[in-house]
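Biologist: Please take one part of this structure and look at it closely for me, beginning with a single side chain and working outwards to its surroundings. I would like to see how the local details fit into the whole chain, and how far I should trust them.

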Amino acid sequence: MTTPVCTGASRAAAASAGHRRYPSFSSYVRARGPVLLRTARSLTANPSDAEDLLQTALAKTYVAWERIEDHRALDGYVRRALVNTRTSQWRKRKVDEFACEELPERETAPAPDPAEQQSLHDAMWRAVLKLPDRQRAMVVLRYYEDLSEVQTAEVMGVSVGTVKSAVSRALGKLREDPELSPVR
């Protein structure tokens, strides 16, 4: 007499004996397995979990094989087993919650002062108004109207390279403006 090395090996031997016990079950799984796997995949986010879910549902079906009277309704039985098994797994999931004496405070950035925002806005417009007309128009189109370089070039009737260089010079002048030094 041989002793099984592990319990998994003895179960596998019992399952292979079940192949011979219910050949109709084996043929059912071969025929309907891909369809049932698609159903299992729709119930889980992970393909590996779907395979495990289907295997568990088929094991439950195998145990009840003799009690199932209408084998034409097997798909419904297995689908119900899939849903019930998935629901049980979902309910049993572990939730890590720990009681503590103090609630942690959320770290939030302080809201900007509206007066400071308005002051910055006004300083920016004063600096933009100091730019030459053509540069000012390109900066407004690019950054305030949110047009692309190509669209700005079309509106201004110039090349894209002209827009790039003019906007670059304008931004350089804005960086040097003493009113905007607190922003840097």
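Modeller: Valine 139 counts as buried, because its relative accessibility of 2% falls under the 20% that serves as the limit. This comes from a predicted model, so everything that follows describes computed coordinates. Valine 139 has its place in helix α6, and, leaving aside neighbours within four places in sequence, it is in contact with Leu131, Tyr144 and Ala170. Alanine 166 lies 27 residues away from valine 139 in sequence, while the two C-alpha atoms are 8.6 Å apart in space.

If we follow the chain onwards, helix α6 spans residues 133-144, and aspartate 146 lies in the loop between α6 and α7. Most residues other than glycine have a negative phi. Aspartate 146, although not a glycine, has a positive phi of about 60°. With 65% relative accessibility aspartate 146 counts as exposed, because the limit for that class is over 50%. On the other side of this loop, threonine 152 lies in helix α7, which covers residues 149-156, and threonine 152 is buried, with a relative accessible area of 0%. Setting aside residues up to four places away in sequence, threonine 152 touches Met138, Leu141, Arg142, Leu147 and Val163. One of these, arginine 142, has its charged end over the ring of tyrosine 143, at 5.3 Å from the centre of that ring.

To place this region in the whole, it helps to turn to the nonpolar cores. The largest of them has 17 residues, and Leu54 and Leu82 are the ones with the most contacts inside it. Helices α2 (23-43), α3 (47-63) and α4 (74-92) each supply at least two residues of this core. Leucine 82, when residues up to four places away in sequence are not counted, touches Leu36, Thr39, Ala40, Leu43, Leu53, Leu54 and Ala57. Apart from this largest core lies another, made of eight residues, among them Ala127, Leu131, Ala170 and Leu174. Two of those names are already familiar, since Leu131 and Ala170 are also contacts of valine 139.

The aromatic side chains add a further set of links. A pair of aromatic rings is described by the distance of the centres and the angle of the planes. Four aromatic pairs are counted in the model. In one of them, the ring centres of phenylalanine 25 and tyrosine 62 are 5.1 Å apart and the planes meet at 65°, so the pair is edge-to-face. It links distant parts of the chain, with phenylalanine 25 in helix α2 and tyrosine 62 in helix α3, 37 residues apart. Phenylalanine 25 is buried, at a relative accessible area of 10%, whereas tyrosine 62, at 23%, is partly exposed. Phenylalanine 25 also forms an edge-to-face pair with tryptophan 65, at 5.1 Å centre to centre and 80° between the planes. Because phenylalanine 25 lies in helix α2 and tryptophan 65 in the loop between α3 and α4, this pair ties together parts that are 40 residues apart in sequence. Tryptophan 65 is buried too, with a relative accessible area of 4%. Ring pairs join Phe25, Tyr28, Tyr62 and Trp65 into a cluster.

Seen as a whole, the protein chain contains eight helices and zero strands. Of its 184 residues, 24% count as buried, and the chain exposes about 13900 Å², of which carbon and sulfur atoms supply 54%. Among contacts between residues at least 6 apart in sequence, 52% join residues at least 24 apart.

As for trust, the mean pLDDT of the protein chain is 82, and 85% of the residues reach 70 or more. Among the elements, helix α8 (residues 160-176) has the highest mean pLDDT, 93, and helix α1 (residues 7-21) the lowest, 47. Over residues 1-18 pLDDT stays under 50, and for this stretch the model has two contacts beyond four places in sequence.

Terms used:
Residues numbered from 1 in each chain as written. Heavy atoms only, no water. Core = buried A, V, L, I, M, F, W, Y, C linked by side-chain atoms within 4.5 Å. Buried < 20%, exposed > 50% of the residue type's maximum accessible area, 1.4 Å probe, protein only. Helix = DSSP H or I, 4+ residues; strand = E, 2+ residues; numbered from the N terminus. Contact = heavy atoms within 4.5 Å. Areas by Shrake-Rupley, 256 points an atom, 1.4 Å probe, with all protein chains shown as cover. pLDDT = per-residue confidence, 0-100. Phe/Tyr/Trp six-rings, centres within 6.5 Å; stacked < 30°, edge-to-face > 60°. Lys NZ or Arg CZ within 6 Å of the ring centre and 35° of its normal.
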